[in-house]
Amino acid sequence: MRVTNMSLIPLLVAGLCMSGCNSDSSSGANSPTNSNTANNTTAQPQQSQSQSQSQSQSQPEQTHSTIVFTNGRIYTVNEKAPWAQAIAITDNKIVFVGTSDQAQQYIGDNTQVIDLKGKMVMPGFHDVHMHPLESGSDATQFTIPEATSAQTYINLVAEAAFQNPNAEWLIGYGHAIGTLLEMEDNPIAVLDEAVPNRPVIIMEQTSHSMWVNSKALELAGLHTESLDPIGGVIGRDEQGNLDGILYDNAGNQVMELAMRSLTNTQQNDYLGLVEYTMPALNKAGITSISDARTYWQRGHLDTWLKIANEDKLTLRTHLGLWAYPQMNDATQLSKLKSLYQADPASLLKVNQVKFYVDGILINTTAAMHEPYHQDWLELDGNKGLNYFTQARLEKYIKALEPTGFDFNIHAIGDRGIHEALNAIENASTGAARHRLTHLEVVDPADYARFAKLGVIADAQVAGDFTDPSHWPENIPLLGSERSQDLVPIKSLVENNATLTLSSDWNVSPFNPFIGISNAMTRTPQAITLTQALEAYTLNSAFAMRQEHLVGSLEVGKLADLIVLDRNLFDSTVKEIANTQVVMTLLDGEIVYQK
């Protein structure tokens, strides 16, 4: 995850209904079920009479509905009846799915009838790993390019200091770690020349390292004798002096210090969500999300609760409370338990915890079984690092599962993934819905363990960097063998893993159609359209413990659905990527209309 300096531009959407939608979660099946194997059908079948009646006949006589959609190609993601022509909604519930002729009985004088004219309807998308609050808030004061000369960096940072004379900390974003490692000038000297008398911290694009000046190190209490923190590395030059690069949790802790200096963060976060992020997500057809890193010590939870209490949520939202690696376990476990919320009538749930078990490949901090081919950080064994060890993760599973928490575990390297699976196998009761996210380098021996242990495999493929054409870029660090089959979504599905697809926005675009298109074209790790749609809908609803309510269009479920400008099953891969949403409904209310 990374943060941008994003402006807060409201989306003025015709027909946008910003009033909140309170869910009635008493509907649906009593016990949730999970479909581990995706329907591989890519052809579009015709709706049969038996299929259309399978949902409507069991329903008692209905009063006239609130909204009825007719004459459409409705893809239900219900394998028993995958296609329909019409759908009827009464208040917030689906009361009929079938043919247009049968739907007439649900139409009364006050029913809003929408003739789809052949347009495709499907369930709303779920994005179970994104950073909506961080990505939509204007928390940084300046942005720098991914790569440029040292002198240009000096000029840009000095200009940022001039433009922000009252900022206690100068907080920036944008460079790539490779730029600093290849820079002839000492990175800390570059920032010191630009701003010698105020602390500067600049987040690298992946958020897994920070570039700081001497003043920032001084205020953080870091010096040549400082020890590396849990899950982090303090960068040093060949003489052992600090070079101004703080890797992973070493940088996170200093960024926490910088964020505390801001006086308007929570207001910016609030406005970013209400004015930009939620409307933009609804426009993309997203109706449910998981905030994959809720910094509860920064006030993130307070911001979400405020929006929920003001009835302004237009998304079903589950928060993943950040597990601070440096925090005392007893203190943190007690606090996390106190924050748990799972009111079935609320759109907001606080029922997940976000853990990192390792870092990332390009920093050589992802946890690997075998050493990296280059040794940048002089870590023991040169096999990456752990934010949370297997033993410590087991401790948290045993403590937090009884409360009801599910874990969203960042795991990128093959050792990190293996250790996370081990922890779940050793400590979980099997009732939780833990998921591992990112899954870049997976040991084939671990493919089958996801299904065996009931662990959800969450992947992001909307970013171009995950495409097989970019795999060779990892060869200098990993060698050719380990650089193959990165993010192996096909292999995981073939081994019956429950696959979800998400964005990690803003590392990747949140547009689900880009993710679907990329998922279908990343041979040899490509999946079908049907599998990709299930990963973005029903499987992700399962990950959020709401598949009995949403994720497919069935009688008794809640009316979270979207209307598209084209039929995905009649479209080329390029056309799928360019698909536009015409209308989005959440809980039976229109929250976006083109």
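Let me begin with I107, which is partly exposed in this predicted model, because its relative accessible area is 23%, and a residue counts as buried only under 20%. If you look for I107 along the chain, you will find it in the loop that runs between α2, residues 100-103, and β6, residues 112-115. Leaving out residues up to four places away in sequence, I107 touches H64, V68 and V113. Please also notice S65, since I107 and S65 are 42 residues apart in sequence and yet their C-alpha atoms are 6.2 Å apart in space.

Now let us turn to the sheets. Eight strands form an open sheet with parallel pairing, and if you walk across that sheet you meet them in the order β8-β15-β16-β17-β18-β19-β20-β21. From one strand to the next, the twist averages 25 degrees. Which strands stand at the edges of this sheet? They are β8 and β21, the latter being residues 499-501, and each has a single partner strand, so one side of each is left without a neighbour in the sheet.

Let us stay with β8 for a moment, because being at the edge of the sheet leaves it with a single partner strand, and you may wonder whether this strand, residues 125-130, is mostly covered or mostly open. It is mostly covered, for six of its six residues are buried. Its pairing with β15, residues 286-294, is in the parallel sense and extends over four bridges, and within that pairing D127 has I289 of β15 as its bridge partner. Further into the sheet, β16, residues 316-322, runs parallel to β17, residues 348-356, and five bridges join them; there you can find L321 standing opposite V353 of β17.

The model has another open sheet, this one with six strands and mixed pairing, in the order β9-β10-β11-β12-β14-β13. Here β9, residues 142-143, and β13, residues 232-236, stand at the edges with a single partner strand each, so that one side of each has no neighbour in the sheet. Inside the sheet, β12, residues 209-212, and β14, residues 242-248, pair in the antiparallel sense over three bridges, and M210 has L246 of β14 as its bridge partner. Helix α6, residues 187-194, packs on this sheet and touches β11, β12 and β14, with its direction making about 50 degrees with that of β12.

Next, the nonpolar cores. The largest of them has 122 residues, and those with the most contacts inside it are F407, L436, F450 and L501. Helix α9, residues 265-283, gives the most to this core, with seven residues. If we take F450 and set aside its neighbours within four places in sequence, its contacts include L436, I417, L421, V455 and L492. There is also a second, separate core of 19 residues, and A139, M203, L217 and V254 are among them.

Finally, a pair of helices. Helix α11, residues 329-339, and helix α12, residues 390-400, pack at an angle of about 35 degrees, and their axes are 11 Å apart. Their crossing is right-handed. On the side of α11 the contact is made by D329, Q332, L333, L336 and K337, while α12 brings R392, K395, Y396, A399 and L400. Sorted by class, this contact has five nonpolar, one polar and four charged residues.

Terms used
Residues numbered from 1 in each chain as written. Predicted model: local features only at pLDDT ≥ 70, side-chain atom pairs only at ≥ 80, totals over all residues. Heavy atoms only, no water. Axes fitted to C-alpha atoms, helices over the stretch in contact; angles between N-to-C directions. Helix = DSSP H or I, 4+ residues; strand = E, 2+ residues; numbered from the N terminus. Left-handed = near helix turned anticlockwise from the far one by under 90°. Contact = heavy atoms within 4.5 Å. Nonpolar A, V, L, I, M, F, W, Y, C, P; charged D, E, K, R; others polar. Core = buried A, V, L, I, M, F, W, Y, C linked by side-chain atoms within 4.5 Å. Buried < 20%, exposed > 50% of the residue type's maximum accessible area, 1.4 Å probe, protein only. Pairing = 2+ DSSP bridges.
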